[in-house]
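This briefing is for a reader meeting the structure for the first time. Please look over the sequence and the model before reading on.

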Amino acid sequence: MTTQQIPVVVLAGFLGAGKTTLLNHLLRSARGTRIGVMVNDFGDIGIDAMTVAGQVGSTVSLGNGCLCCAVDASELDEYLEVLTRPEVRLDVIVIEASGLAEPQELVRMLLASENERIVYGGLIEVVDAAEFAATRARHPETDRHLAAADLVVVNKADRVPAEALRTVRETVAALAPRAAVTEAAHGRIDPELLFDRVVPEDEIEGQMSIEDILYGYDETGGADGHAHPHAAYDTVSLSTATPLHPRRLMAFLDGRPEGLYRIKGFVDFGAADPANRYGVHAVGRFLRFRPEPWPAGEERLTQLVLIGTGVDAAALRKELAGCEQNGPGDLPDDHAMWGVLRYVPGSEDEPEVTA
Ligand SMILES: Nc1nc2c(ncn2[C@@H]2O[C@H](COP(=O)(O)OP(=O)(O)OP(=O)(O)O)[C@@H](O)[C@H]2O)c(=O)[nH]1
């Protein structure tokens with residue numbers, strides 16, 4: 001029953017912060033991940049810099065399997081419908097918010113969308129570290145945008161001294177208390193922070209990306225003097241054959257720590273729902289569960305990956321371990337799944353949620 005949903009990421013930030021640079025970085029380092037991009041006009045993205053395989057109307061297909069469309073907000077649903085067609089085979093869609101609409105408005109439109117093939121993939125705000133104070137003074141709405149962000153990229157880290165960078169980062173963290181915050185130069189964040197690599201890194205043989213060629217590639221992330229994206233976030237993985245207790249997992253998720261940007265994987269709730277495993281997708285404060293029957297012959301494991309910045313990995317592991325069921329004396333009660341079902345779209349058992 002599961003059709004993979006395509007995460008839709010909103011990319012926002014003030015004029016000149018580096019959105020286009022970051023988009024180009026994502027497209028160039030796609031390596032098998034098929035990215036759909038929506039922009040205001042092609043000039044924004046500098047399509048010429050990449051191989052254009054073909055153009056139909058306002059849609060351009062790129063040589064690396066990615067796709068770019070120039071749209072305005074009124075066309076959002078229409079283009080989402082086109083981009084999410086199975087034959088297009090996109091893995092992720094990125095919408096550049098500039099000029100399209102207020103970022104929060106775009107997020108609302110996505111969350112309200114009736115397109116079942118998409119899932120909200122987070123609001124990323126790019127800020128210019130060198131111009132941050134001036135931008136805030138001129139555009140007080142910056143603070144509001146940051147407060148809504150799931151991930152803030154403090155870009156142009158190369159343009160400010162370390163001390164000033166720290167001040168910007170601290171200010172951002174105070175304005176966007178729940179967001180993950182990462183620094184970057186030239187928008188070079190690790191794409192994996194935003195979406196899954198479809199082709200695992202170790203299976204890409206002999207394929208140097210343009211990024212590798214220009215900046216050098218270093219698995220260990222750093223000794224060559226470049227601000228490498230690899231060390232910019234923490235990943236915590238959990239794999240356990242012990243079912244999780246729905247109430248304790250929900251307590252963990254409801255209180256999940258600041259800086260935890262994404263959670264993905266599958267959960268086994270054991271006796272609370274023996275027939276199904278629960279796909280989990282969280283980005284920022286957004287959370288969804290999708291129950292699906294256990295595939296025949298598949299080992300019943302809970303497998304989770306948590307991605308964030310500045311998170312305490314050891315504490316997270318401990319909290320997750322505390323969600324495991326402790327034998328027959330710790331079986332979930334009859335209503336234990338209600339908290340989970342609130343996050344299953346269209347669930348029949350979904351209790352009425354009053355706004
Ligand atoms: N030094 C430095 N320059 C950068 C960095 N990121 C982007 N730039 C430059 O900053 C300028 C603006 O970058 P863009 O990526 O076009 O910014 P944008 O947010 O897309 O701008 P608009 O489309 O006008 O809203 C360009 O000249 C980039 O080359 C960075 O990290 N460091």
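The points below cover a sheet, the surroundings of a ligand and an annotated domain.

The model is predicted. Its nine-strand sheet is open and has mixed pairing. Around the ligand there are 17 residues, and a UniProt entry lists a domain at residues 233–324.

**The sheet**
- The strands follow the order S3-S4-S5-S2-S6-S1-S7-S8-S9.
- Because strand S3 (52–56) and strand S9 (180–183) each have a single partner strand, they stand at the edges, and one side of each has no neighbour in the sheet.
- On average, neighbouring strands of this sheet are turned by 20° against each other, with direction ignored.
- In general, the strands of a sheet pair through backbone hydrogen bonds, in either a parallel or an antiparallel way.
- S3 and strand S4 (residues 59–62) run antiparallel and are joined by four bridges.
- Gly 54 has Ser 61, in S4, as its bridge partner.

**The ligand surroundings**
- The closest of the residues around the ligand are Gly 18, Lys 19, Thr 20, Thr 21 and Lys 156.
- Helix H1 (residues 19–28) gives the largest share of this shell, with three residues.
- By character, nine residues of the shell are polar, five are charged and three are nonpolar.

**The annotated domain**
- UniProt, in an unreviewed entry, lists residues 233–324 as "domain: CobW C-terminal".
- Over residues 233–324, 41% of the chain is strand and 20% is helix.
- The C-alpha atoms at the ends of residues 233–324 are 26 Å apart.

Definitions and conventions: Residues numbered from 1 in each chain as written. Predicted model: local features only at pLDDT ≥ 70, side-chain atom pairs only at ≥ 80, totals over all residues. UniProt positions renumbered as here; feature names shortened; annotations may be inferred. Helix = DSSP H or I, 4+ residues; strand = E, 2+ residues; numbered from the N terminus. Pairing = 2+ DSSP bridges. Axes fitted to C-alpha atoms, helices over the stretch in contact; angles between N-to-C directions. Near = placed C-beta within 6 Å. Nonpolar A, V, L, I, M, F, W, Y, C, P; charged D, E, K, R; others polar.
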